[in-house]
Amino acid sequence: MDITRMEALLRACATLLLLTTACLVRFDTQTSLIFPEYSRTATFRDMNALYVLVFMDVAVAGYNLVQLVIRGLLSSHMKQDMNGSYKHLAWISFLFDQAVVYMLFAANSACLTASLLAVRGEHDLFWMKLCNKFNRFCNQIGGALLCGYAAFFLMALVSSLSAYSLFRHYSPKKYLVLK
């Protein structure tokens, strides 16, 4: 399997995982009885980190779909790999892939930190544990975080393939000179 097909397959799998994560977080709700007369519904809007995670996952999935379409159109029009006039597109793809991986890691890590506060609470700040009242909600968010980190790992592989695709056209002996 050549590198462009591998990259397309990894992008497609990452897109599916990102959309799964976004749907799991976005549509997860649970209503729990807090006091005898008061019930509370937990949604993704209760934690800003979950809201950002949904937004980032949808944005990165859209970016991957755009990249798949652009790569498909370019591969149908060119006979060889990206070289010469397509060098700027390879640089743009590399830089955007790097930015996407870092933003995806940051969003998932922020969500994990906020979720750990919901699971454990913070006794010194008088923040109570929330996951003992919303078990199903917290379990589903945990599954979404697993999907999010799997998507991050796949996007890191895509980013490394993008870097390889870009820098293999440069000479190893002279700095940023094409072969």
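How many residues apart in helix α1 are Arg11 and Glu7, and by about how much of a helical turn are Arg11 and Glu7 separated? Arg11 and Glu7 are four residues apart in helix α1, which means that about one helical turn separates them. The legends below describe this pair and other parts of a predicted model.

**View 1. The chain as a whole, with its helices and strands.** The chain contains four helices and two strands, and read from the N terminus its elements follow the order α-β-β-α-α-α. Of its 179 residues, 37% count as buried, while the surface that the chain exposes comes to about 11100 Å², with carbon and sulfur atoms supplying 67% of that area. Among the contacts in the chain with a separation of 6 or more, 73% are accounted for by residues 24 or more positions apart.

**View 2. The segments annotated in the UniProt record.** An unreviewed UniProt entry carries the annotation "transmembrane region" for residues 51-74, 95-121 and 141-167. In the predicted model, residues 51-74 are 100% helix and 0% strand, with the C-alpha atoms at the two ends 35 Å apart. Residues 141-167 are likewise 100% helix and 0% strand, and here the end C-alpha atoms lie 38 Å apart.

**View 3. The salt bridges around Arg11.** A search of the whole structure finds five salt bridges, and one of them brings together the side chains of Arg11 and Glu7, with a distance of 3.0 Å from N to O. Arg11 is buried, with a relative accessible area of 1%, and Glu7 is buried as well, with a relative accessible area of 3%. Arg11 also forms a salt bridge with Asp97, in which the closest N and O atoms are 2.8 Å apart. Because Asp97 belongs to helix α3 (residues 87-120) and Arg11 to helix α1, this pair ties together parts of the chain that are 86 residues apart in sequence. Asp97 is itself buried, its relative accessible area being 0%.

**View 4. A salt bridge between a loop and helix α4, and the network of shared partners.** The side chains of Asp28 and Arg136 meet in a salt bridge, at 3.5 Å from N to O. Asp28 lies in the loop between α1 and β1, whereas Arg136 lies in helix α4 (residues 135-167), so that the pair ties together parts 108 residues apart in sequence. The two partners can be contrasted in their exposure, since Asp28 is buried, with a relative accessible area of 0%, and Arg136 is partly exposed, with a relative accessible area of 43%. Elsewhere, salt bridges that share partners join Glu7, Arg11, Arg71 and Asp97 into one network.

**View 5. Thr21 and its surroundings.** Thr21 is placed in helix α1 (residues 3-26), and because its relative accessibility is 0%, it counts as buried. The side chain of Thr21 reaches the backbone oxygen of Ala144 at a distance of 3.5 Å. When neighbours within four places in sequence are left aside, the residues in contact with Thr21 are Leu53, Asp57, Ala144, Cys147 and Gly148.

**View 6. The paired strands β1 and β2.** Strand β1 (residues 30-35) and strand β2 (residues 38-42) run antiparallel and are joined by five bridges. A hairpin of two residues leads from β1 to β2, and Phe35 has Tyr38 in β2 as its bridge partner. As a general point, the side chains in a regular strand alternate between the two faces of the sheet.

Methods
Residues numbered from 1 in each chain as written. Predicted model: local features only at pLDDT ≥ 70, side-chain atom pairs only at ≥ 80, totals over all residues. Heavy atoms only, no water. Buried < 20%, exposed > 50% of the residue type's maximum accessible area, 1.4 Å probe, protein only. Polar contact = N/O pair within 3.5 Å; in protein donor to acceptor, adjacent residues only side chain to side chain. Contact = heavy atoms within 4.5 Å. Areas by Shrake-Rupley, 256 points an atom, 1.4 Å probe, with all protein chains shown as cover. UniProt positions renumbered as here; feature names shortened; annotations may be inferred. Pairing = 2+ DSSP bridges. Salt bridge = Lys/Arg side-chain N within 4 Å of Asp/Glu carboxyl O.
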